[in-house]
Amino acid sequence: MRIEIRNKSVILDGYVNAVARDSKPMLDENGNKFVEQIMPKTFERAIGKNEDILCLLNHEPNRKLGSIRDGNIELFEDNIGLRAICEITDAEVIEKAKDKKLRGWSFGFEAIKEHEEPVSDNLKRRFIDEMNLLEVSIIDDKKVPCYIGTSIETRADKNSKVEYRGDDFKAKIFKIIDKVDYSIYENILLKIKNKGDKNLWN
């Protein structure tokens, strides 16, 4: 995770979740232990079919930091996983970045299609094949990220199982005191928006 601190904003660049890799062990709503893998291209399809995906602080709906529609966050899946690049102008988040209090990424989703396989007598592996990606969150020191279990929310007069996943990151913090007119991240965002070029580092 790279954090670039500017005078009036902070740019965050990192992976929200890796694909085709076991999560930490979790407990489902029935108390059964499982590990989970997000199947390759699942994030890509979820991003493609969703008109907007929010960026929140700590999954709090009243702490919106931006969205794809707002134009300050880019989400895409590469061969590693779900990557986020965002520019945040929220004063609290900027101060937390300066104080090294940002702890990780997390995301909220609804599983649409999944399958399972047994790993051992007391452990199963769950594969997420299709999802509705609702939001990604920046996690601060108030809410330590980890692979947590599921929670139930009620939406539109029906029960929807909204699940949250996250992990710690080790941040590399770079401070830019003077105003500059270029950035490797701005170049990446331009390639994504204008060219659809996923070969981002060339």
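## Strand β10 and its surroundings

In β10 of this predicted model, Ser-137 is the bridge partner of Leu-56. This position belongs to the pairing of strand β5 (residues 54-57) with β10, which runs in the parallel sense over four bridges.

Two further strands pair with β10. Strand β4 does so in the parallel sense, over five bridges, and there Phe-34 has Lys-124 of β10 as its bridge partner. Strand β9 pairs with β10 in the antiparallel sense, over 16 bridges. Within β10, Asn-132 is the bridge partner of Glu-110. A hairpin of two residues joins β9 to β10.

How much of β10 is buried? Of the 18 residues of β10, 14 are buried, so the strand is largely enclosed by the rest of the structure.

**The nonpolar core**

Strand β10 (residues 123-140) also matters for the description of the interior. The largest nonpolar core comprises 33 residues. Val-10, Leu-12, Trp-105, Met-131, Leu-133, Val-136 and Ile-138 are the residues with the most contacts inside this core. The largest share of the core, five residues, is supplied by strand β10. As a general background, nonpolar side chains tend to be buried together in soluble globular proteins.

**Helix α1**

Helix α1 spans residues 42-49, and its residues Thr-42, Phe-43, Ala-46 and Ile-47 are buried. Why do they lie on the same side of α1? The four cover an arc of only 130° around the axis, which puts them on the same side of the helix. The general rule is that an α-helix has 3.6 residues a turn, so residues three or four places apart point the same way. The buried residues of α1 pack against several strands: β2 (10-18), β4 (33-38), β7 (73-77), β8 (81-88), β9 (102-120) and β10.

**Salt bridges**

A search of the whole structure finds 20 salt bridges. Three of them are listed here, each with its N to O distance.

| Basic residue | Acidic residue | N to O distance |
|---|---|---|
| Arg-83 | Asp-13 | 2.9 Å |
| Arg-125 | Asp-22 | 2.9 Å |
| Arg-165 | Glu-163 | 2.5 Å |

The salt bridge between Arg-83 and Asp-13 links distant parts of the chain, with Arg-83 in strand β8 and Asp-13 in strand β2, 70 residues apart. Both Arg-83 and Asp-13 are buried.

The salt bridge of Arg-125 with Asp-22 involves β10 once again. Arg-125 lies in strand β10 and Asp-22 in the loop between β2 and β3 (26-27), so this pair ties together parts that are 103 residues apart in sequence. Are the two partners buried or partly exposed? Arg-125 has a relative accessible area of 17% and is therefore buried, the cut-off for buried being under 20%. Asp-22, at 32% relative accessibility, counts as partly exposed.

In the salt bridge between Arg-165 and Glu-163, Arg-165 counts as buried at 1% relative accessibility. Glu-163 likewise counts as buried, at 0%. Which residues are joined into one network by salt bridges that share partners? The network consists of Glu-36, Glu-114, Arg-126, Glu-163 and Arg-165.

Terms used
Residues numbered from 1 in each chain as written. Predicted model: local features only at pLDDT ≥ 70, side-chain atom pairs only at ≥ 80, totals over all residues. Heavy atoms only, no water. Core = buried A, V, L, I, M, F, W, Y, C linked by side-chain atoms within 4.5 Å. Buried < 20%, exposed > 50% of the residue type's maximum accessible area, 1.4 Å probe, protein only. Arc of directions from axis to C-beta. Contact = heavy atoms within 4.5 Å. Pairing = 2+ DSSP bridges. Salt bridge = Lys/Arg side-chain N within 4 Å of Asp/Glu carboxyl O.
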